[in-house]
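Reader: I should like to take a close look at a single part of this structure. Would you please guide me through it in a connected account?

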Amino acid sequence: MLDIVLLYFLTKNIGKIAITKGLPPTKWKWITVLLWLVFEMIGLMIGVILFGTANLYSLMAFGLVCAFGGYLTVKYILDNKPDVNI
């Protein structure tokens, strides 16, 4: 549940950055959600390898940290794009 609330505010932030770059915010919000889910699944798989399935809280925390990495990836890509001079 916490990740959905966090994802809402992070996609809002990505939308603002995309607007300043002159890019369509909806597209970048969807890319953020997609990468969030992909990185979370990868994090959960790595977490199962590291922690096993017995420690569920560690798995969820590791998945959330990896999901945040998906947001940071999109933010890095957008930050490297040139600003639009209005």
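Author: Lysine 21 counts as buried, because its relative accessibility is 11% and the cut-off for that class is under 20%. In this predicted model, the side chain of lysine 21 meets that of aspartate 83 in a salt bridge, with 2.8 Å from N to O. Lysine 21 belongs to the loop between H1 and H2, whereas aspartate 83 lies in the segment after H3, so the pair ties together parts that are 62 residues apart in sequence.

A search of the whole structure finds two salt bridges. The side chains of aspartate 79 and lysine 75 also form one, at 3.0 Å from N to O. These two residues are four apart in helix H3, which means that about one helical turn separates them. Aspartate 79 is partly exposed, at 38% relative accessible area, and lysine 75 is likewise partly exposed, at 26%.

Let us return to the helix that precedes the loop. H1 comprises residues 2-20, 19 in number, and spans 28 Å from its first C-alpha to its last, close to the expected 27 Å. Its buried residues are Leu7, Leu10, Thr11, Ile14, Gly15, Ile17 and Ala18. Viewed down the axis of H1, they fall within an arc of 160 degrees, so they line one face of the helix. The buried residues of H1 pack against helix H2 (25-51) and helix H3 (56-79). On the face of H1 turned away from this buried side are the exposed residues Leu2, Lys16 and Ile19. After H1 comes glycine 22, which has a positive phi, near 80 degrees.

Conventions: Residues numbered from 1 in each chain as written. Predicted model: local features only at pLDDT ≥ 70, side-chain atom pairs only at ≥ 80, totals over all residues. Heavy atoms only, no water. Expected span 1.5 Å × (residues − 1). Buried < 20%, exposed > 50% of the residue type's maximum accessible area, 1.4 Å probe, protein only. Arc of directions from axis to C-beta. Contact = heavy atoms within 4.5 Å. Salt bridge = Lys/Arg side-chain N within 4 Å of Asp/Glu carboxyl O.
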